[in-house]
Amino acid sequence: MNVDIIEPFIRVKLPLQGSSNRISSINETGDYLYVGTNKGDLYIYCSAPTPNTTLASIHHSLHLLKHSDRALTLKSKSIQETTNASLASRSIRSFRSYQDAKHLFTENSRYHLQHTFTNLTQDGSSISTIKILPPNLCESRGNMSKQMVMIISPTSLKLYELVGNHSNLLYSLDEPRITDALYINGDENGNHTTDRKENQERLLLISLKRKVFVVHITNKSRNVLRFNMLREILLKGRVQSLTKFNDDSVIVGTDTEYVTFSFDDFHVSPLAASQKADVFSQGAPFKYFGLSASGPLLWILDTGYGTLLLIRDTTVVALDKRCEEKLSILPIKLSVVPLAAIYIRPMYVAFVYQKRVEIYDLYLGILVQKFTHYLNSQYISALVEGDIFNLACGLDVLQFNISPPLKQILQFLNISGRVPGSNTGVNVSGNDNFNSTANFRHPQSDLKAVGIELAIQMVTLLESNDNNELFSSEKTKLLKLRELYKLKSIYLFDLYARYNEALVDIASEWMVSYHDVLQLFPDFLNAEILLLLLQSESLGGETHDADHDNKSMVPMIGTIKKVTKDDLETVNLSESEYETDTTRRTLPMASKKSKLAKSQGVRRFIKAVNNLIIYLTEQRRILALFMDKGSIKWKNVLLEPEDIYPPIDDQLEYVATIIDTSLFLCYFYTKPMLLGPLLRLPNNRCDSKIVNECLLSGLHNHVQQRNMMQPNYVAELLDFYFGRQLHEEALDMLKKLALENEDAVAIEKDANDNDPVHIHASKDDNYYNNYVTGPQLTVRYLQRLTNKHLSLIFEYALWVIDADESNSRLLFMNDSYECESLDNMAVLQFFVKRKDFDLAIEYLEWLLFKSDLVAKLKLEKLFVDFETKLCLLYLKQIKAHSLHEEEYYESLWRLLSTSETFDPWPILREIPTTEDKFLRLTVFVYKKLHEHENAVDVLYGQLNNLDEAIEYCSLIYRQPQGKQIGQNLFHKLLEDLLMNYSRNKNVDQIAKLLLGKGLQMSVERVFKVLPPSFPLFEIAPYLRLQVQRFQNDADDTRVNSQLYKVGSINLKHQVLQLQDQCFKINSSKTVCPVCKEKLGYSILTVTDNKDIIHYGCSQRLRQTS
């Protein structure tokens, strides 16, 4: 891998030709470049930016890429070509000498020499370190024209104030072997507790051998500084580096350990992580044992992301500043100790050697870039300031541009091949056309996978702000990361068969679009493609290419996409044989290599689909949150549906259909036993046409069902229709199955001369087929529908009842909740319109006498209507001489004779008077109408049945408050009998009436209507009964009179006894037992217990009891 992290920019050459003065150190701060030499001179360059055509072209290209939605996926070739063309002249290559390498740099057109200061070390020693202090060090208000420069030489440390061409020495420490210095501004970094408040502001830490001097800086006057030695800290090893650890402490690197001390009490504490695990315990060279004066080289680099890089010789360790115990060795392998180590934001560390610069990624330890500069010196200074990387040696300062993040990302996504030093792998995809350059044992050996990972790491570390060329907010940053993780997921899935990591760990967490995930699988699992095909067929257009609009960046070369439905049928695997991510089965030896390969491919397919199910299930959950709340919080940002789903009409519904249908297809082809729970989910949005086509594909293939143990999915299909409220589609499907079966039976009979045969080879298969294609399933489905779908019930009940009349009882005459919820009047009209009056009668009989709806009907005042309609239907069928005529007549007789709720007038109008059996029915109607005389006329006058007429009059007489009406009916009947007396025909009947019911008739009215010629001997028994009745009445009267007299005497006796009773009150001060107050002279009364109390108290006692 050789990605252009840094690119040659300009070369700044010191005007020192012909002298032995050479660059020994550099520093760049803001617009100033400070160059120190080995003679103690300091050169200050000031930047003067000039237009650069090539750089402007680069920035223009990056600006175009910034506004391209497909920049990260490399969809725009024109942008890529523009960028590559603009950078062609700056591409980093290897050269044979420094003279060749320096031609990559343009001559200095950026800096001009502003000031030169000679012999600042005062002894001609070299300047090893240059540090710039803030300009407000000397006075409360910063003077930007002044520059505070601190230089370190092998013999001293000096602090100068530079104003123009003048230098003012503020502080000097003439001690040899000063290794580092660190300025701490307390105003910026927090409060540091010391004795005086002014001592909290500025500190200068100087490392010298095994000591750290703490110098306190104060203002003696406005422009005069005072440097006081505040503390001397003694350590175990020679100090080599000082770095600020946090706002309250400093980390110190020595040749033996790392320690920290705080500004509060300057207490030295060993680094907790270094005590826990000695990560720097590699074998030491012999120079550490006295053969060399120098110790190990070390650097402490602050990444700015809460992490410090601790580098000692060839070991690189990351320390989390938030937790000192969290220390980890980075996977960077260095073979040689570098001259310098420089951190390049956001994730690189550059190691400078005599002839080259190596840039490593911090997180993967990959050598990202190697640039051979051929400076060939042990004294090379290096630093990074902003987006400029500086190398200084001899008389030259080489400046490199740090590539913009977007350009780095594009390069990462373009690389491919094998990581140098990694072993080649085997073909894990099973594809003969596999790309060997990308096929390794592990993704870390694949430059393509490494490049994607580095691009992800780059975007993760970049800050989201307005100055960022990639994204200006945290939300857009996460969406860019989502695109990169999509590339990683696809690559791991297709080339490395890492299905769980690709679909569950990455795609689910980063909400990779279903569109990209489903493209990894065959079309028969991709609901998006199937829906487009259905839409195209419905419109009568050409087939739409689902991959035409959005091709994946990563080529699909794995076997998963090539698996067909035939492969799944021919390779029969039980679910226990499926591979998982943690286990792999040893494949049995097969007779043919192709069969083994196909079996292996199907196993991988099953494993991939298992992980796809997990992914789709998670997508269902996310989609449900969008539907419920409209937006969701993801990784601390608020996502709208438009951020991750295509902008189409009914967006969420469309996406839900694709996800649920794809999930259904996964279950159908790999886990059919779990189809039921999925299809019964109330919120599933599977496409009904696809579900119907799949589940009915093997409906009549009973041989395959037995041999391959595949269940029939009719029940699951009906559950799906019912749960989705697609009742019409379900019923229409069942009706079509029945019609297709009838046509098949008819064809089979014609072929066999109309002899009944079994269509299927097995009787069980034939029975099951008849069940599926018969009316039973339709009946069971209709039974589950409520009154809301009554019109649908009526529509599809027609053919069911035509097939078998008994189905009407199953549909409309059961005790289920659904049946009882139906509109009873509408059901009755359904039967009547069909002219199926027998079923209408049966329905009304069930409704009125067998169901649990009687109370409800009476409450809703419908009972009378239904009872009346039942009577009318009885009459209709009786008059039509139905097969059940006698049964209906008996039922009508019982109903009219016992019921008190039917409406009599409609029934009376329908009863014919031409036959006696109908006239008998009118009696019950007249009784209901209280037209009793008409009833008597029918019984005696038309039917000539005296006994029934007498019985009817007696029935009325026995009714509550019916004595007078009954007596009048008896007299009317007597008058009717006397109408024929002149003919001497009714003497016996009159005598019978008087003898049987004479006591219930008035004697006066009887003798008033009897003719004088009526023979008295015929009514002698009647007269004796009347005399006996009068005697009994007289006796009863006398007995009652005597009983009244006895009762009167008893009452008088009780009154006298009460009058004789008396209750003595000794004093008016006697206390009432109820209210505990004196009785006084108020109204009193006596209780049942003979207690004397107030009358008011007695009333209250009665109310409470």
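**Entry 1: Arg498 and Glu501**

I looked up the pair Arg498 and Glu501 in this predicted model. Their side chains form a salt bridge, with 3.0 Å between the closest N and O atoms. I then read the accessibility of each partner. Arg498 is partly exposed, at 28% relative accessibility, and Glu501 is partly exposed as well, at 22%.

**Entry 2: Other salt bridges**

I searched the whole structure and obtained 39 salt bridges. One of them joins Arg322 to Asp320, at 3.2 Å from N to O. I asked whether Arg322 is buried or exposed. Arg322 counts as exposed because its relative accessibility is 71%, above the 50% limit. Asp320, by contrast, has a relative accessible area of 11% and is therefore buried, the limit being 20%.

I also noted a network of salt bridges that links Arg11, Lys13, Glu107 and Asp396.

**Entry 3: The sheet E11 to E14**

I traced an open sheet of four strands, ordered E11-E12-E13-E14 and paired in the antiparallel sense. Which strands stand at the edges? They are E11 (178-185) and E14 (225-234); each has a single partner strand, so one side of each lacks a neighbour in the sheet. On average, neighbouring strands of this sheet are turned by 20° against each other, direction ignored.

I recorded the general background that strands of a sheet pair through backbone hydrogen bonds, in either a parallel or an antiparallel manner. Within this sheet I followed the pairing of E12 (residues 202-208) with E13 (residues 211-219), which is antiparallel and runs over seven bridges. Ser207 stands opposite Val212 of E13.

**Entry 4: A salt bridge between E13 and E14**

I found that the side chains of Glu232 and Lys211 meet in a salt bridge, 3.1 Å from N to O. The pair links distant parts of the chain: Glu232 lies in strand E14 and Lys211 in strand E13, 21 residues apart. Glu232 is partly exposed, with a relative accessible area of 44%; Lys211 is also partly exposed, at 31%.

**Entry 5: Ser47**

I located Ser47 in strand E4, which spans residues 42-47. Its relative accessibility is 15%, so Ser47 counts as buried. I asked which residues Ser47 is in contact with, leaving aside its neighbours within four places in sequence. The contacts are Asp31, Arg110 and Tyr111.

**Entry 6: Cysteines**

I checked for disulfides, and the count is zero. I then read the accessibility of two cysteines. Cys666 is buried, at 0% relative accessibility, and Cys953 is buried too, with a relative accessible area of 0%.

Key
Residues are numbered from 1 along each chain as its sequence is written. This is a predicted model: local features need pLDDT of at least 70, side-chain atom pairs count only at pLDDT 80 or more; totals for chains, interfaces and linings use all residues. Side-chain values use heavy atoms; hydrogens and water are left out. Helices (H or I, at least four residues) and strands (E, at least two) are DSSP runs, numbered from the N terminus. Buried means under 20% relative accessible area, exposed over 50%, partly exposed in between (1.4 Å probe, protein chains only). Contact means heavy atoms within 4.5 Å. Two strands pair if DSSP finds at least two bridges between them. Axes are lines fitted to C-alpha atoms, for helices over the stretch in contact, and angles run from 0 to 180 degrees between N-to-C directions. A disulfide is a pair of cysteine sulfur atoms within 2.5 Å. A salt bridge is a side-chain nitrogen of Lys or Arg within 4 Å of a carboxyl oxygen of Asp or Glu.
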